[in-house]
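Please find below my notes on the model, set out as numbered points for discussion. They are best read with the sequence and the coordinates open alongside.

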Amino acid sequence: RQRETERDGERQRETERKMREYQNALCAIFMVSGLVTMVGAVQDVDVTSGFIDDSYPGHDLEERGKSLYKEILPSDLDIPFNPERHLALQDPGRFVSLAQLGYDDSISHRTVSHVAYSTPFRMLSDEGVEVLQRVLTLLEKYSRSSERIPSMVRGGVFRSQFIRGLATDPSISQFVSRHFNVSVVPHTIPHQLAHINYAPKELGRAVDLWHVDNVALDYVLFTTNTLDLEGGAFEVFRGTREEAALLHSQNLSLPPNRIDQWKAPAGYAILQQGHHVVHRAAPLLAPAKRVTFVNSFVPKDPNFPEASAPRILRAVDDENVVATEWALHRALRARAQLNSLIAQSDYSRPTEFYLERIKAIRDDLTAAYDLLLPENEGKEDHFGGHHDTKEKRVDASENQEREEL
């Protein structure tokens, strides 16, 4: 009788534990429902979509920009983006896989594709290059700096209608989806769209240090011709981010014989799974204009791992921008997870099915909350590379030979 009483007590405590867990999860669901309602009101779109809705962030960016920035280009200097006139998309000649960089299957749960990066391919037409160069020249006076990047402009989609159209164009999203074999939309953190890097005035200083991106997928678009520059190549480390971090912690440089350098004409781009590809923009060795345009994407499937972190965003964006865009980004993710749960609900499913999924949504929101806490102060991760003493040159013919190989 005593053992039976003890077992009854254990069963009662286990039942109470599960009820508390269920109630806590429901509280999280009610919390996100308020954010979901807010997102639905902002977007005025169908909230029954099973994936992150691809009308966001393209919806309402123009109006939001008016309240966020005074430095918006006037219509007489800025034209609408037209993909038929401004795009000239061609498939990349070759791709490098994550395995070729040294990654193994142990990171598969943290990646969105087996592709690491592509060789340069044409993206813009001659007219597209001309318009984008004019727009970026006008925006350069609004540049700012950070520990990692000496000259950049953020929030390009709010400042220019041409950039807004380019960054959110559906045909480019489809192109990126096809080559990474995963369905994507323009990043739902708008300041992760249309990031612009300008070469620093100081010769020998890197345009950007060795780093991995605070996003899963992106392209780097060369908006100026880099073929004849002295220095200024786009460089990729043939290794893992863990290797780069270890070398940097030991105050060692990345081995030159494991660095690929790429140069291309204006209007060419490189696709990359930037969160796992260690890369940088090398220093210029002679005065020249070098500008790149980086645009990011997020998988539609909300169950892919999160690649962004407010801590890194705080190093380059104002706090009101970081908090607002992070909350909306994660609310969209949670909304998609909830819609998936709604679509799968069925009377034949056991309680454990719902507990597992509700707990996963709650844990995802808890992680989003923890990452946004003020103690996560702004800091950009990087692996050094401020200055070089010499550069390993790779010219256009070598790039072509490498593609043919």
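**Notes on the predicted model**

1. Asn376 counts as partly exposed, because its relative accessibility is 24%, where the buried class would require a value under 20%. The residue belongs to the loop that runs between α12 (351–372) and α13 (396–404). Leaving aside residues up to four places away in sequence, Asn376 is in contact with Arg311, Arg314, Asp370 and Leu371. For one of these, Arg314, the C-alpha atom is separated from that of Asn376 by 8.9 Å, although the two residues stand 62 residues apart along the chain. This is a predicted model, and the remarks here and below should be read accordingly.

2. On the chain as a whole, the secondary structure amounts to 13 helices and 13 strands, and 50% of the 405 residues count as buried. Of the contacts between residues at least 6 apart in sequence, 85% join residues that are at least 24 apart. The exposed area of the chain is about 19,300 Å², and carbon and sulfur atoms supply 51% of that area.

3. One open sheet deserves a separate look: 4 strands form it, in the order β7-β12-β9-β10, with antiparallel pairing. Its edge strands are β7 (208–211) and β10 (259–262), each of which pairs on one side only. On average, and with direction ignored, neighbouring strands of this sheet are turned by 15° against each other. Between β7 and β12 (residues 279–281), which run antiparallel, there are 2 bridges, and His211 has His279 of β12 as its bridge partner.

4. Strand β6 (195–198) has buried residues on both of its faces, with His195 and Asn197 pointing one way and Ile196 and Tyr198 the other way. The strand pairs with β4 (residues 152–153) in the antiparallel sense over 2 bridges, where Val153 has Ile196 as its bridge partner. With β13, strand β6 also pairs in the antiparallel sense, in this case over 4 bridges, and His195 stands opposite Val294 of β13.

5. Which surroundings does strand β11 (residues 268–272) have, enclosed or open? Since 4 of its 5 residues are buried, β11 is largely enclosed by the rest of the structure. Strand β3 (residues 121–122) is joined to β11 by 2 bridges and runs antiparallel to it, with Phe121 opposite Ala269. Strand β8 pairs with β11 as well, in the antiparallel sense and over 5 bridges, and in that pairing the partner of Tyr219 is Leu271.

6. The largest pocket has a volume of about 620 Å³ and is lined by 38 residues, of which Arg148, His211, Val212, Asp213 and Asn214 lie nearest its centre. At least two lining residues come from each of β6, β7, β8 (217–222), β12, β13 (291–299) and α10 (310–313). Several elements discussed above therefore return here as parts of the wall, among them the edge strand β7 and strand β6, each supplying at least two residues of a lining defined by an atom within 4 Å of a pocket point. His211 in particular links two of these points, since the residue that pairs with His279 of β12 is also among those nearest the centre of the largest pocket.

Key
Residues are numbered from 1 along each chain as its sequence is written. This is a predicted model: local features need pLDDT of at least 70, side-chain atom pairs count only at pLDDT 80 or more; totals for chains, interfaces and linings use all residues. Side-chain values use heavy atoms; hydrogens and water are left out. Two strands pair if DSSP finds at least two bridges between them. Axes are lines fitted to C-alpha atoms, for helices over the stretch in contact, and angles run from 0 to 180 degrees between N-to-C directions. Buried means under 20% relative accessible area, exposed over 50%, partly exposed in between (1.4 Å probe, protein chains only). Contact means heavy atoms within 4.5 Å. Accessible areas come from the Shrake-Rupley method with a 1.4 Å probe; for residues, only the protein chains shown count as cover. On a 1 Å grid over the protein atoms alone, a cavity is a set of points where a 1.4 Å probe fits but cannot get out, and a pocket is an open set with protein on both sides within 12 Å along at least five of seven lines; lining residues have an atom within 4 Å of a point. Grid points are joined across faces, edges and corners, and a volume is the space filled by probe spheres set on the points.
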